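Biologist: I would like a close look at one part of this model. Please take me through the loop and the parts around it, in short steps.

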Amino acid sequence: MSALNKAKGFKKSKTGTYLSIGTTAFGAVSVLKQAKKARYDHDTLRLVDAVVSAAAIATGVALLVRELKRLGDDDVLLG
């Protein structure tokens, strides 16, 4: 199995999905800082950007959670 195929397999694994959720959550910290600074500076455009980014992060996490559930359904030990 090539390194590329191993990497693709990891992305579809539970461990890879959990890692993706953690990485996405780490990005949320940056968005929160951006929103806080935008509110402090009264910068509406940056605040809108932070809100849109937060929505994208929420959607990404929802997709990853759905993927985890799908992976769990495929696990014969989980029923």
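Modeller: What follows starts with the whole chain, then goes to the loop and on to the helices beside it.

This is a predicted model. Its average pLDDT is 83, and 76% of the residues score at least 70. The protein has 3 helices and 0 strands. Along the sequence the pattern reads α-α-α. Confidence varies by element. Helix 1, residues 3–11, has the lowest mean pLDDT, at 54. Helix 2 has the highest, at 92.

Now the loop. It runs between helix 2 (14–41) and helix 3 (44–74), and His42 lies in it. What is unusual about the phi of His42? The angle is positive, about 55 degrees, although His42 is not a glycine. Most residues other than glycine have a negative phi. Is His42 buried or exposed? Its relative accessible area is 70%, and the cut-off for exposed is over 50%, so His42 counts as exposed.

Step back to the end of helix 2. Asp41 and Lys37 both lie in this helix, 4 residues apart. That spacing is about one turn of the helix. Their side chains meet in a salt bridge, with 2.8 Å from N to O. Both partners are partly exposed: Asp41 has a relative accessible area of 39%, and Lys37 has 46%.

Step forward instead, past His42. Here the side chains of Asp43 and Arg46 meet in a salt bridge. The distance is 3.4 Å, N to O. Asp43 is at 29% relative accessibility, so it falls between the 20% and 50% limits and counts as partly exposed. Arg46 is partly exposed too, at 46%.

How many salt bridges are there by this rule? The count comes to 3. One more is found further along, between Arg70 and Glu67. Their closest N and O atoms are 2.6 Å apart. Why are they about one helical turn apart? Arg70 and Glu67 sit 3 residues apart in helix 3, so about one helical turn separates them. Arg70 is partly exposed, with a relative accessible area of 38%.

Next, look at where helix 3 meets residues from much earlier in the chain. Leu64 has its place in helix 3. Is Leu64 buried or exposed? Its relative accessibility is 19%, and buried means under 20%, so Leu64 counts as buried. Which residues does Leu64 contact, leaving aside its neighbours within four places in sequence? They are Thr17, Ser20, Ile21 and Thr24. Take Thr17 as one of them. Leu64 and Thr17 are 47 residues apart along the chain, yet their C-alpha atoms are separated by 6.4 Å.

That pair leads back to the whole protein. Consider the contacts with a separation of 6 or more. Residues 24 or more positions apart account for 61% of them. Burial is a separate count. Of the 79 residues, 16% count as buried. The protein exposes about 6300 Å², and carbon and sulfur atoms supply 66% of that area.

To retrace the route: His42 is in the loop between helix 2 and helix 3. The salt bridge of Asp41 with Lys37 comes before it, and that of Asp43 with Arg46 comes after it. Leu64 in helix 3 then reaches back to contact residues including Ser20 and Ile21.

Notes:
Residues are numbered from 1 along each chain as its sequence is written. This is a predicted model: local features need pLDDT of at least 70, side-chain atom pairs count only at pLDDT 80 or more; totals for chains, interfaces and linings use all residues. Side-chain values use heavy atoms; hydrogens and water are left out. Helices (H or I, at least four residues) and strands (E, at least two) are DSSP runs, numbered from the N terminus. Buried means under 20% relative accessible area, exposed over 50%, partly exposed in between (1.4 Å probe, protein chains only). Contact means heavy atoms within 4.5 Å. Accessible areas come from the Shrake-Rupley method with a 1.4 Å probe; for residues, only the protein chains shown count as cover. pLDDT is the predictor's confidence in each residue, from 0 to 100. A salt bridge is a side-chain nitrogen of Lys or Arg within 4 Å of a carboxyl oxygen of Asp or Glu.
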